[in-house]
Each structure stands twice: as structure tokens, then as C-alpha cells.
Amino acid sequence: MELKPALRSLRSSCGSVASAVVSRDGLVIAADMPEGVSMETFAIMCATLLGAASTANSELRVGTPHHVVVESDEAKMVVVGAGRKALIVAVIGKKADAALTIRKLDEMAETIRMI
């Protein structure tokens with residue numbers, strides 16, 4: 001799977017304005033980001049977000065989170081685990097369909113897990 005074209009395709013399939021595949025350590029593997037965004041900072045914070053959710057779930061003994069959705073007044077950020085070493089994140093408009101985005105990211109995650 002070519003990651004950069006797959007990320008770009010999220011623009012038309014679910015309306016993403018930014019997306020990335022990130023290592024669980026916070027390193028950028030591939031990205032489709034607007035100019036002026038610090039990809040390194042974005043990647044580290046997304047990895048931290050999913051890591052914090054994993055730690056919180058672990059404390060409660062309720063299993064590993066598959067998705068994290070963060071909503072603001074203007075956008076939704078969807079973070080999906082893609083195996084033990086990676087995650088995928090997409091930022092979509094506030095009115096965009098988060099469930100559709102999760103499905104698209106889950107499909108990408110399955111492919112990434114096999115790489």
C-alpha cells in the first residue's frame with residue numbers, strides 16, 4: 001500500500017483536511033498535512049493521545065482502545081490504532097461523518113498491520 005496516496009484519498013472519501021500514519025513512538029511515517037503544520041509535533045501528540053487512552057483503559061481493565069475521537073468547535077480528530085507499531089489519524093470537518101472516517105481508517109489499519 002502506498003501510504004501517501006491512501007492518505008490523500010481520505011480527502012474525497014471522508015473529507016479529511018489533514019491525515020498521517022504515525023509510529024506509536026510519535027514519528028511521522030507518511031502524512032498529508034496543510035502547510036505550516038509541525039508534522040513532528042502533531043505526530044507526537046497523536047501518539048501520546050492514543051497512549052494515554054491505552055493507559056487509562058488498562059487501569060480500568062477494559063481492554064485496549066481501538067479509536068479516539070476528539071471534537072472541537074471546528075473539527076473532529078479521529079485516531080485509530082494500526083497494529084502494535086503504528087496509528088492513523090485524520091482530521092475532518094465538524095459536520096463530517098466520524099463513523100465513516102473510522103471505517104476508512106480501520107480499512108487502512110488492516111492493510112498496515114500486514115506490512
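Reader: Which residue in S5 stands opposite serine 16?

Author: Isoleucine 92 does. Keep in mind that this is a predicted model. At the other end of the range given for S1, residues 16-23, serine 23 stands opposite alanine 86 in S5.

Reader: What makes S1 and S5 a pair?

Author: Two strands count as paired if there are at least two bridges between them. S1 and S5 have seven bridges in the antiparallel sense, so they meet that cut-off. S4 and S5 also pair in the antiparallel sense over seven bridges, and here lysine 76 stands opposite isoleucine 92. Isoleucine 92 thus has serine 16 opposite and lysine 76 opposite as well.

Reader: What is the order of the strands in the sheet?

Author: The five strands run in the order S2-S1-S5-S4-S3, with antiparallel pairing, and the sheet is open.

Reader: Why are S2 and S3 said to stand at the edges?

Author: Each of them has a single partner strand, so one side of each is left without a neighbour in the sheet. Neighbouring strands of this sheet are turned by 10 degrees against each other on average, direction ignored.

Reader: What joins S3 to S4?

Author: A hairpin with three residues does that. The two strands pair in the antiparallel sense over five bridges, and the cut-off is at least two, so S3 and S4 count as paired. One of the contacts across this pair links histidine 67 to valine 80 in S4, its bridge partner. The hairpin of S4 and S5 has four residues between the strands, and glycine 83 there takes a positive phi near 90 degrees.

Reader: Which helices pack on the sheet, and what do they touch?

Author: Helix H1 (residues 3-14) touches S1, S2 and S5, and its direction makes about 40 degrees with that of S2. H2 touches S1, S2, S3, S4 and S5, and its direction makes about 65 degrees with that of S4.

Reader: What makes the buried residues of H1 line one face of the helix?

Author: Let's name them: they are Leu3, Ala6, Leu7, Leu10 and Cys14. Seen down the axis of H1, they fall within an arc of 100 degrees, so they line one face. What covers them includes S1, S2, S5 and H3. The 12 residues of H1 reach 16 Å from first C-alpha to last, close to the 16 Å expected. After H1 comes glycine 15, with a positive phi near 80 degrees.

Reader: Why is cysteine 14 called buried?

Author: Buried means under 20% relative accessible area. Cysteine 14 has 7%, so cysteine 14 is buried. Cysteine 46, at 2%, is also under that cut-off and therefore buried.

Reader: Why do cysteine 46 and cysteine 14 not form a bond?

Author: A disulfide is a covalent bond between the sulfur atoms of two cysteines. To count as one here, the two sulfur atoms must be within 2.5 Å. The sulfur of cysteine 46 is 15 Å from that of cysteine 14, its closest cysteine sulfur, which is too far for a bond. The structure holds zero disulfides.

Reader: What makes serine 23 buried?

Author: Its relative accessible area is 11%, and the cut-off is under 20%, so serine 23 counts as buried. Leaving aside neighbours within four places in sequence, serine 23 is in contact with Ile29, Ala47, Lys85, Ala86 and Leu87. Strand S5 is mostly covered too, with seven of its eight residues buried.

Reader: Why are arginine 61 and lysine 95 called exposed?

Author: Exposed means over 50% relative accessible area. Arginine 61 has 74%, so arginine 61 is exposed. Lysine 95 has 84%, so lysine 95 is exposed as well. Both sit in loops: arginine 61 between helix H2 (39-60) and strand S3 (67-71), and lysine 95 between strand S5 (86-93) and helix H3 (98-114). From lysine 95 to glutamate 59 there are 33 Å in space, C-alpha to C-alpha, and 36 residues in sequence.

Reader: What is the phi of arginine 61?

Author: Arginine 61 has a positive phi of about 55 degrees although it is not a glycine. For comparison, most residues other than glycine have a negative phi.

Notes:
Residues numbered from 1 in each chain as written. Predicted model: local features only at pLDDT ≥ 70, side-chain atom pairs only at ≥ 80, totals over all residues. Heavy atoms only, no water. Buried < 20%, exposed > 50% of the residue type's maximum accessible area, 1.4 Å probe, protein only. Contact = heavy atoms within 4.5 Å. Axes fitted to C-alpha atoms, helices over the stretch in contact; angles between N-to-C directions. Expected span 1.5 Å × (residues − 1). Arc of directions from axis to C-beta.
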